[in-house]
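User: I've got this model open and want to talk through some of its geometry. Could you take my questions one at a time?

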Amino acid sequence: MITDLFNPANYAFSPHAIPTLVTTAALLLLGLTVLIRERISAVSVLFFLMTLTVSVWLFGFSWMYSTTNESVARWWAKAAYLGVPFIPSAIYHFTVVALRIYQRHKVRVWISWTISALFTAVILPTNALHSAMYRYPWGYYPKYGWLGLPFMTFFFSLMLISLHHYWMEYRKAKPGTHKNRIKWFTIAFAGAYIASLDFLPKYGVGLYPLGYLAVFAWLVFVERAIWRYQLVDITPAFAAEPIIRTMADALLVLDHEGILQVTNQAACHLLGRSETELVGKSVSTISRDIFPKEKLDTLIRTGALQSYETNHSPRQGWTMVLDISASAIRDRFEQTVGIVCIARDITERKRAEETVRASEERFRSVTQSANDAIISADSQGVILSWNKGARAIFGYEEEEVRGKPLTLLMPERYREAHQQGLKRAQAGGESRVIGTTVELHGLRKDGAEFPVELSLATWKTLGETFYSAIIRDVTERKQTEARLAELAYYDFLTGLPNRRQFMELIDQALGRARRTGNLLAVLFLDLDGFKLVNDSLGHPMGDLVLKAMATRLTSCVRKSDSVARMGGDEFMFILEKITSPNDASAAAQKLLETVALPLRLEGHDIFMTASIGIVIYPSDDQDRDGLIQFADTAMYVAKAKTNSFQFYSADMNVRAAERLQLETDLRLAVERKEFLPHYQPLIDAHSGNICAVEALVRWNHPHRGLLSPDSFISVAEETGLIVPITEVMLHAACTQTKAWQVGGFPDLRVAANISRRLFQHHNLSGMIVQILHETGLEPSSLEVELTESLFIQDRERSIATLRKLRDVGVRIAIDDFGVEYSSLSYLKYLPITTLKIDQSFVRDLPTNPADAAIIQAIISLASCLDLTVIAEGVETNAQAEFLRSRRCDELQGYYFSRPLPANLLTPLLGHSIFRPARSRIALGSPEGR
């Protein structure tokens with residue numbers, strides 16, 4: 001009985017009804033809000049209908065859960081199905097309208113609505129769908145009969161088709177608001193379909209119907225999409241008010257009696273009155289100039305479009321020319337119910353036209369003296385006049401082109417657009433290029449194309465339109481612009497992309513890598529010792545080296561990779577589509593080998609090496625600036641080894657910070673004079689006495705204590721601080737040696753290492769002579785030690801520097817002989833006095849026959865050239881005895897003594913140091929190292 005529905009005894013409070021009722025209220029609120037906020041449209045109405053059908057379902061089931069009577073529960077179940085069969089149809093209809101594909105699917109839409117209605121017609125009066133009711137812990141729930149399977153097939157088919165439409169639209173949509181809106185609707189509907197689990201209890205599965213949660217989640221996602229991306233696209237009606245408000249032309253809308261109903265700000269400004277003063281007034285009382293009575297009567301009677309010009313005087317002494325366009329507004333019975341009038345101020349245009357007419361003769365005289373081409377043509381595009389500038393630019397005489405079409409001067413690809421523009425102009429439209437300057441190409445008489453700049457203007461005489469064109473040959477300007485663009489993006493010296501272009505290239509490469517998921521490597525290459533090339537051979541030679549290296553580096557990578565010069569001797573590489581970091585290391589090794597190949601330029605043999613830092617995207621970083629910074633950091637780590645490459649690792653930032661701190665401390669140490677010399681004795685192999693000392697720098701760091709050169713000398717070399725450090729050490733060593741000589745050791749000499757950077761110092765000999773003069777040390781008591789690599793870059797200049805030192809009397813030693821180039825031809829030319837055998841040959845004596853043979857050969861060679869031979873790195877008695885037996889002149893190493901400060905070394909002077917191991921003085925023992 002229907003009265004049972006309203007009997008409170010048939011109901012009891014059910015907590016399971018609360019979430020469904022809350023969801024119902026939220027759905028209806030969202031639907032109504034969208035309907036109001038988005039304005040009445042097909043999309044917003046269908047959205048409301050969609051929320052309404054779901055709300056009917058949830059509302060009916062809420063009361064079904066709350067009833068204690070099975071017959072009442074069955075009634076509410078059927079009531080819910082006033083909405084359930086229409087849910088898929090509403091979703092499908094909303095989908096095709098929102099995605100703008102309704103026209104292709106409208107037949108399917110209305111079939112779905114018909115099927116939904118048929119299901120409802122069968123469900124309500126029969127038990128075909130609801131054959132019985134289950135009693136679950138949460139309340140009554142309908143049991144599906146034979147109609148359940150067809151109904152669910154229809155339900156799920158439409159839901160899946162709708163989801164498919166969303167997915168296909170999302171895939172093809174361009175990035176923007178529409179794509180974002182579709183994305184969120186797809187997520188929302190895909191999640192909402194989880195509510196279909198509520199069908200399971202209808203077949204006896206005791207799963208609590210949590211479908212309202214999926215619906216609530218749908219509500220949240222759809223709310224976000226609507227509030228952020230809107231629901232209704234912009235339509236003419238939607239945009240009408242803003243268009244009217246922002247129009248630059250005056251708008252007047254009149255009813256059929258000529259009473260002003262609508263106006264805009266431009267009309268108020270034109271008429272000099274406010275909107276309240278205009279609306280509701282007859283146009284005849286406002287201004288008879290704008291809309292004469294005969295024009296109004298004709299328009300109302302015929303409905304024909306009226307376009308005319310008229311003079312309007314808003315106030316005394318001020319007259320403007322207006323261009324008026326008016327058309328009729330018709331109702332559905334084609335009766336004129338109003339008039340729309342657009343008024344445009346064309347006063348300035350009219351004045352310009354009059355000015356053109358008045359100055360026509362003056363124009364003709366000016367055109368013939370202009371260097372630019374000035375051409376006039378009629379409305380058909382036929383050439384009427386041709387000045388001297390046009391003849392010089394295009395190569396035609398005036399007689400050859402007068403009466404010919406303007407297309408004669410255009411490449412084929414421009415002619416169709418030109419004809420279309422003429423047709424628009426003849427039809428009363430305006431050309432797009434009138435009054436503007438455009439760039440295109442002209443065609444000379446000989447068929448050559450060239451860039452031109454075109455300015456086009458029109459004038460009217462006797463009702464016909466004429467054109468005047470000023471054409472300028474901009475070939476030189478284009479060439480200059482191209483050159484400037486090249487300079488802006490490419491390195492002027494090597495022709496490679498510069499830093500600015502590299503930033504764009506890496507952004508593009510990163511974009512491609514993100515889309516494809518490929519690895520990408522960035523390599524930072526720095527040429528080792530390039531500054532020395534500039535210092536020793538000059539900047540022109542340095543430029544030649546950079547150009548040659550740019551060619552070499554480019555040849556080492558694929559065409560798809562990018563190479564750029566970042567400035568100075570720094571180059572960067574982008575390696576795209578690599579499969580693993582091994583590809584980057586292989587490329588880096590190839591680059592190192594190529595750079596290391598000898599380079600001969602203008603009679604000079606240039607030997608270079610490089611240091612390379614490598615980062616991998618996306619493992620090291622995903623940002624452009626981060627990749628460049630980390631590649632730079634890795635390069636500096638590689639530079640500490642030279643001629644090597646290094647992959648970036650996170651701990652490098654710590655080492656980079658430590659290096660920066662070390663450089664800062666070094667600069668302060670130079671100012672604070674924290675450097676002091678230690679001396680290692682050189683032993684006369686025959687007498688066993690100390691015959692010389694080698695001065696070795698130590699840094700008395702205020703916090704880290706006494707530091708050996710290994711911890712700071714590479715940074716000093718790189719920063720140039722090695723020059724003042726060596727100068728201080730030389731001065732201190734010469735002063736101390738002079739003191740030892742005065743103290744009873746007149747034959748003692750001192751040796752000091754000279755770095756590459758100091759050797760390139762343009763006044764090295766002058767600096768040494770000055771130090772000797774200031775300390776009083778004889779030049780023959782000073783020996784400078786140099787490595788062979790110093791002579792490679794500029795042999796002639798190196799020999800000249802050494803000769804200046806030898807002429808003064810300074811002794812010259814080649815240090816680490818045998819491990820670098822060891823070119824015998826250098827020994828013939830270099831003014832040297834001493835060879836120092838590298839400790840790598842001494843280490844395995846006397847057990848290694850090869851080392852023994854090499855040392856014997858060096859000693860024999862030195863003997864023939866009358867050179868002193870010193871063996872360094874002597875650590876055992878066996879080594880010392882072997883070298884003495886082979887007639888090596890002097891010995892140096894920890895076997896005799898470690899480097900000592902002057903006060904500890906002084907007691908050793910005058911003693912015989914070379915003796916059997918058991919009788920060596922304790923200060924020089926291996927344990928004392």
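Here is a short run of questions and answers on helices, a sheet, a cavity and some backbone details.

Analyst: Quick ground rules: this is a predicted model, so local features need pLDDT of at least 70 and side-chain atom pairs count only at pLDDT 80 or more, while totals for chains, interfaces and linings use all residues. Residues are numbered from 1 along each chain as its sequence is written, and side-chain values use heavy atoms, with hydrogens and water left out.

User: How are α2 and α3 oriented to each other, roughly parallel or roughly antiparallel?

Analyst: Helices and strands here are DSSP runs numbered from the N terminus (H or I, at least four residues; E, at least two). Axes are lines fitted to C-alpha atoms, for helices over the stretch in contact, and angles run from 0 to 180 degrees between N-to-C directions. The axes of α2 (residues 42-66) and α3 (residues 70-80) come within 8 Å and cross at roughly 175 degrees. Angles under 35 degrees count as roughly parallel, over 145 as roughly antiparallel, 65 to 115 as roughly perpendicular and the rest as oblique, so α2 and α3 are roughly antiparallel.

User: How many nonpolar residues are in the contact of α2 with α3?

Analyst: Contact means heavy atoms within 4.5 Å, and the α2 side includes Trp57, Phe61 and Trp63, meeting residues of α3 such as Trp76. Ala, Val, Leu, Ile, Met, Phe, Trp, Tyr, Cys and Pro count as nonpolar, Asp, Glu, Lys and Arg as charged, and the others, Gly among them, as polar. There are no charged residues in this contact and one polar, and the nonpolar ones number 11.

User: And what is the relation of α21 to α22?

Analyst: The axes of α21 (residues 530-537) and α22 (residues 539-555) come within 7 Å, crossing at roughly 140 degrees. Among the residues that meet are Phe530 and Leu537 in α21, and Val545 and Leu546 in α22. By the angle classes, α21 and α22 are therefore oblique.

User: Which strands stand at the edges of the five-stranded open sheet?

Analyst: Strands pair if DSSP finds at least two bridges between them. The sheet's order is β9-β8-β12-β11-β10, with antiparallel pairing, and its twist averages 35 degrees from one strand to the next. Two strands have a single partner each, so one side of each is left without a neighbour in the sheet: β9 (383-386) and β10 (437-443).

User: What is the bridge partner of Ser376 in β12?

Analyst: β8 (residues 373-377) and β12 (residues 464-473) pair in the antiparallel sense over five bridges. Ser376 has as its partner in β12 Ser468.

User: Which helix gives the largest share of the lining of the largest cavity?

Analyst: On a 1 Å grid over the protein atoms alone, a cavity is a set of points where a 1.4 Å probe fits but cannot get out, and lining residues have an atom within 4 Å of a point. Grid points are joined across faces, edges and corners, and a volume is the space filled by probe spheres set on the points. The largest cavity holds about 280 Å³, and its 21 lining residues include Trp57 and Phe155, which are among the closest to its centre. The largest share, four residues, comes from α2.

User: Which residue has a positive phi although it is not a glycine?

Analyst: Most residues other than glycine have a negative phi. The one in question lies in strand β15 (residues 570-578). With a phi of about 55 degrees, this is Lys577.

User: What is omega for the cis peptide bond that joins Tyr617 and Pro618?

Analyst: Pro618 is found in the loop between β18 (609-617) and α24 (624-639). Most peptide bonds are trans. For the cis bond joining Tyr617 and Pro618, omega is about 5 degrees.

Notes: On a 1 Å grid over the protein atoms alone, a cavity is a set of points where a 1.4 Å probe fits but cannot get out, and a pocket is an open set with protein on both sides within 12 Å along at least five of seven lines; lining residues have an atom within 4 Å of a point.
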